[in-house]
Each structure stands twice: as structure tokens, then as C-alpha cells.
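Student: I would like a close look at a single part of this structure, followed by how the rest is put together. Please take it step by step.

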Amino acid sequence: MSGHSKWANIKHRKAAQDAKRGNLFQKLIKAIIIAAKEGGGDPATNIRLKAALDRAKAASVPSNNIERAIKRGTGEIEGATYEELAYEGYGPEGVAVIVECLTDNKNRTTPEIRMIFDRNGGSLGATGCVAWMFERRGVINIGGDDLNEEDLMEAALEAGAEDVENDGGFVVYTDPSVVDEVKEDLESKGFAIDEAESQLVPKTTVKITNPDKARKILKLMDLLEGHDDVQNVSSNFDIPEEIMDQVE
């Protein structure tokens, strides 16, 4: 559920992904294949591939699976052909949702995504209906206790970041083209990086203050993320930490 910085929501997403480990492996492999297909198999010159490899290694995807995925992407070995699709729609309480997919069968994926929306208080919309509410940014989640905000801000700006936000956890925002460079610079200065990737970030958010409504939204997010073809789900809901505690 990228696109909002509430630390409790980020933890919820990470927990949901960990609970679907096999599903997560499949998603990471697909991301490697499409990145290698588009930019070649050398991560030194293919930023998207390097990011995909970093995520796969962090999730302990076996190295032989990674190597095969790169070769499938570059055409050295045969395999399914994937295309990128983005679905836009609305969830409960009218929150905006963008679902980014990699699929080898659009005719299968589209009705399945539509059904998840329809059965969980949402609706699939036309292309462009909510995309204007988001912007793509590099998002780096910083871990560790007793972080000094001024020190992090200074280090992040020196590394080329655009902003640092503290909302129950530190988030560094960058231009998406330099997220990897900023991440490596911060790591070299001793900061612990929990996650670093290009995400669709909402320009404004919808605050959800009712636990029951929050549960409905999170259920939709979990079901979308659990779909085999879904890579990322972005939304503009904002669940305060105290409401998230009640939900959990």
C-alpha cells in the first residue's frame, strides 16, 4: 500500500507481504524479468533492474532463481512474456487506488482485479480517473531507534534528497531517478534502510478515523496485494496510528 507514509500502515504492508512469502517471491521474479527485458541484464547500467535485485535479495530469493529471471528477461532462455498494466479505481470511503500489475494474460487479470474491487466496496474506474492525484517519487524508509532528525535531514539533503518526513517513522523523499544513489549514500553514513523504491505518492490524503471503515479499506488492499499479478498497490488513505492499533 505504497503512497502514504504512516509508519503503522507501512508495517501493515510489510507484514502482509511476509505472510505471503511464496507470492512475494513470484512478484519479485516478475519484476526482475520485466526490468531485464526493458533495460538489459547489467544492474550497473539498469537502475530498475538493480532495484529489483536489491528487493529480491532482501527477501532471500534464491540466487539461481534470480539468475534465471534475468536470462528470461534478456531472452537467453524462453519463458512467459509479461506486460505492465495499471488499473485505477476507488475503494471504500472513496479513497483513490492504483494497482500496478505484471501479467502474461490481460484477459485473465482484468476481470479478476475488477471482481476484487466489486466484492469489497470499491469500483474499477477508467484510465486516468485517479492518476492525477498521485506523483511518482523515490521513497526511503529509515529504520533504527533514537535517530536525530536534524542529522538525517542534513545527510539526506547532502545526498540529493528532496525532503524528510517524521510521522511515526522517518521517510526520505527523492526524485525517483536518484533513489538508489541516495539510499547508498545514507547507508554509507550509517543509516539503516528498511525499504527504498520508486512509489506513487498521493498529493493529498483522506483521513480514516473509523476502525470499521479502516478494516474495509485494509481488506481491499490485502486482497489486491495478494493477487499473483499485482506488483504494487497505491492509495491515498491515511489511517492514524491510534486507529491502526484498534484495527490490529
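Tutor: Thr74 has a relative accessibility of 32%, so it counts as partly exposed, since that value falls between the 20% limit for buried and the 50% limit for exposed. Keep in mind that this is a predicted model. Thr74 lies in helix α4, which covers residues 63-74. Leaving aside residues up to four places away in sequence, Thr74 touches Ala36, Gly40 and Gly41. Take Gly40 from that group: 34 residues separate Thr74 and Gly40 in sequence, but their C-alpha atoms are 6.1 Å apart in space.

Now step back along the chain to the loop between α3 (47-58) and α4, where Ser60 lies. At 47% relative accessibility, Ser60 also counts as partly exposed. Its backbone is worth a look. Most residues other than glycine have a negative phi. Ser60 is not a glycine, yet its phi is positive, at about 65 degrees.

Glu93 is a second case of this kind. It is not a glycine either, and its phi is near 65 degrees, a positive value. Glu93 is found in the loop between β1 and β2, and with a relative accessibility of 43% it counts as partly exposed.

That loop leads to the strands on either side of it. β1 and β2 form a hairpin, with 5 residues between them. Strand β1 spans residues 83-90 and strand β2 spans residues 96-103; the two pair in the antiparallel sense over 8 bridges. To find one facing pair, look at Leu85, which stands opposite Cys101 in β2. β1 also pairs with strand β3 (residues 123-124), again antiparallel, through 2 bridges. Here Gly89 has Leu124 in β3 as its bridge partner.

Next, the nonpolar cores. The largest one has 24 residues, and those that touch the most other members are Val97, Val99, Ile113, Phe117, Leu224, Phe237 and Ile239. Two or more residues come from each of β1, β2, α5 (106-118), α8 (211-226), β9 (230-235) and α9 (241-247). The hairpin strands β1 and β2 are therefore among the contributors to this core. With 6 residues, α8 gives the most. Another core lies apart from this one; it has 20 residues, including Leu28, Leu49, Ala69 and Ile70.

Two of the helices that contribute to the largest core, α5 and α8, can be examined as a pair. Their axes come within 10 Å and cross at roughly 165 degrees. Angles over 145 degrees count as roughly antiparallel, and α5 and α8 are therefore roughly antiparallel to each other. The crossing is right-handed. On the α5 side the contact is made by Ile113, Ile116 and Phe117, and on the α8 side by Leu220, Leu223 and Leu224. Ile113, Phe117 and Leu224 also appear among the residues that touch the most other members of the largest core.

The last part is a sheet. It is open and made of 4 strands, in the order β5-β6-β4-β7, with antiparallel pairing. β5 (163-166) and β7 (192-202) stand at the edges; each has a single partner strand, so one side of each is left without a neighbour in the sheet. From one strand to the next, the twist averages 25 degrees.

Going through the sheet pair by pair, start at the β5 edge. β5 and β6 run antiparallel and are joined by 4 bridges, with Asn166 and Phe170 of β6 as bridge partners. β6 is joined to β4 by 5 bridges, also antiparallel, and in this pair Ile140 stands opposite Val172 in β6. At the other edge, strand β4 (residues 134-143) pairs with β7 in the antiparallel sense over 10 bridges; Val139 has Glu197 in β7 as its bridge partner.

Strand β6 (residues 170-174) deserves a closer look. 5 of its 5 residues are buried, so the strand is largely enclosed by the rest of the structure. Phe170, Val172 and Thr174 point one way from β6, while Val171 and Tyr173 point the other way, and all are buried. Compare this with Thr74, where we began, which counts as partly exposed at 32% relative accessibility.

Methods
Residues are numbered from 1 along each chain as its sequence is written. This is a predicted model: local features need pLDDT of at least 70, side-chain atom pairs count only at pLDDT 80 or more; totals for chains, interfaces and linings use all residues. Side-chain values use heavy atoms; hydrogens and water are left out. Two strands pair if DSSP finds at least two bridges between them. A nonpolar core is a set of buried Ala, Val, Leu, Ile, Met, Phe, Trp, Tyr and Cys residues joined through side-chain atoms within 4.5 Å. Buried means under 20% relative accessible area, exposed over 50%, partly exposed in between (1.4 Å probe, protein chains only). Axes are lines fitted to C-alpha atoms, for helices over the stretch in contact, and angles run from 0 to 180 degrees between N-to-C directions. Angles under 35 degrees count as roughly parallel, over 145 as roughly antiparallel, 65 to 115 as roughly perpendicular and the rest as oblique. A crossing is left-handed if the near helix is turned anticlockwise from the far one by less than a right angle, and right-handed if clockwise. Contact means heavy atoms within 4.5 Å.
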